[in-house]
Amino acid sequence: QQPVQSPQAVILREGEDAVINCSSSKALYSVHWYRQKHGEAPVFLMILLKGGEQKGHDKISASFNEKKQQSSLYLMASQLSYSGTYFCGAETQ
């Protein structure tokens, strides 16, 4: 089963923050976050395993809430280089 992302689309101005959530009705084992720029292949950003894990680099970070079966991707003080389509993939138990 594919995870559900919300919101479906986010339009940001430079310097603004955003949160993208990825959830599933099944127990999540891991969540993978990717970014795809127009006309390019997707780029892997990070993987989170269950257990409240948090990861980040630069001003992009993500967390995994095992109880809610949800991962959140945080884009802080967005920059032009952050533009693209963000999406998650998940492994369920």
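Contact here means heavy atoms within 4.5 Å. The structure shown in every view is a predicted model.

**View 1. The whole protein is built from strands, with 0 helices and 8 strands.** Read along the sequence, the pattern is β-β-β-β-β-β-β-β. The radius of gyration is 13 Å, close to the 12 Å given by the globule rule for 93 residues, so the protein is as compact as a globular protein of that length. Along the principal axes, the C-alpha atoms fill a box of roughly 35 × 25 × 20 Å. Buried residues make up 31% of the 93 residues. The accessible surface comes to about 5800 Å², and carbon and sulfur atoms hold 51% of that surface. Among contacts with a separation of 6 or more, 51% join residues 24 or more positions apart.

**View 2. An open sheet of 5 strands runs in the order β1-β2-β7-β6-β5.** The pairing in this sheet is antiparallel. β1 (4-6) and β5 (54-57) stand at the edges; each has a single partner strand, so one side of each is left without a neighbour in the sheet. Direction ignored, neighbouring strands are turned by 15° against each other on average. Strands of a sheet pair through backbone hydrogen bonds.

**View 3. Strand β7 is paired with β2 and, in the same antiparallel sense, with β6.** β2 (residues 18-23) and β7 (residues 70-75) are joined over 6 bridges. Within this pair, valine 19 has tyrosine 74 of β7 as its bridge partner, and asparagine 21 stands opposite serine 72. The pairing of β6 with β7 also spans 6 bridges. Here serine 63 stands opposite serine 72 in β7. β6 and β7 form a hairpin with 4 residues between them. In the turn, glutamine 69 has a positive phi of about 55°.

**View 4. The largest nonpolar core holds 17 residues.** Those that touch the most other members are Val31, Trp33, Met46, Ile60, Leu73, Leu75 and Tyr86. Two or more residues of this core come from each of β2, β3 (28-36), β4 (43-49), β6 (60-65), β7 and β8 (85-92). In soluble globular proteins, nonpolar side chains tend to be buried together.

**View 5. Valine 31 is shown with its contacts beyond four places in sequence.** Cys22, Met46, Ile47, Leu48 and Phe64 are among the residues in contact with valine 31. The list also includes Ser71, Cys88, Gly89 and Ala90. Met46 appears again among the core residues that touch the most other members, as does Val31 itself.

**View 6. Serine 6 lies in strand β1.** Serine 6 has a relative accessible area of 36%, and it is therefore partly exposed. Not counting residues up to four places away in sequence, serine 6 touches Val19, Ile20 and Asn21. Serine 6 and serine 23 are 17 residues apart along the chain, and their C-alpha atoms are separated by 8.5 Å. The strand that holds serine 6, β1, is one of the edge strands of the sheet.

Methods:
Residues numbered from 1 in each chain as written. Predicted model: local features only at pLDDT ≥ 70, side-chain atom pairs only at ≥ 80, totals over all residues. Heavy atoms only, no water. Pairing = 2+ DSSP bridges. Axes fitted to C-alpha atoms, helices over the stretch in contact; angles between N-to-C directions. Core = buried A, V, L, I, M, F, W, Y, C linked by side-chain atoms within 4.5 Å. Buried < 20%, exposed > 50% of the residue type's maximum accessible area, 1.4 Å probe, protein only. Rg over C-alpha atoms; globule rule 2.2 N^0.38 Å. Areas by Shrake-Rupley, 256 points an atom, 1.4 Å probe, with all protein chains shown as cover.
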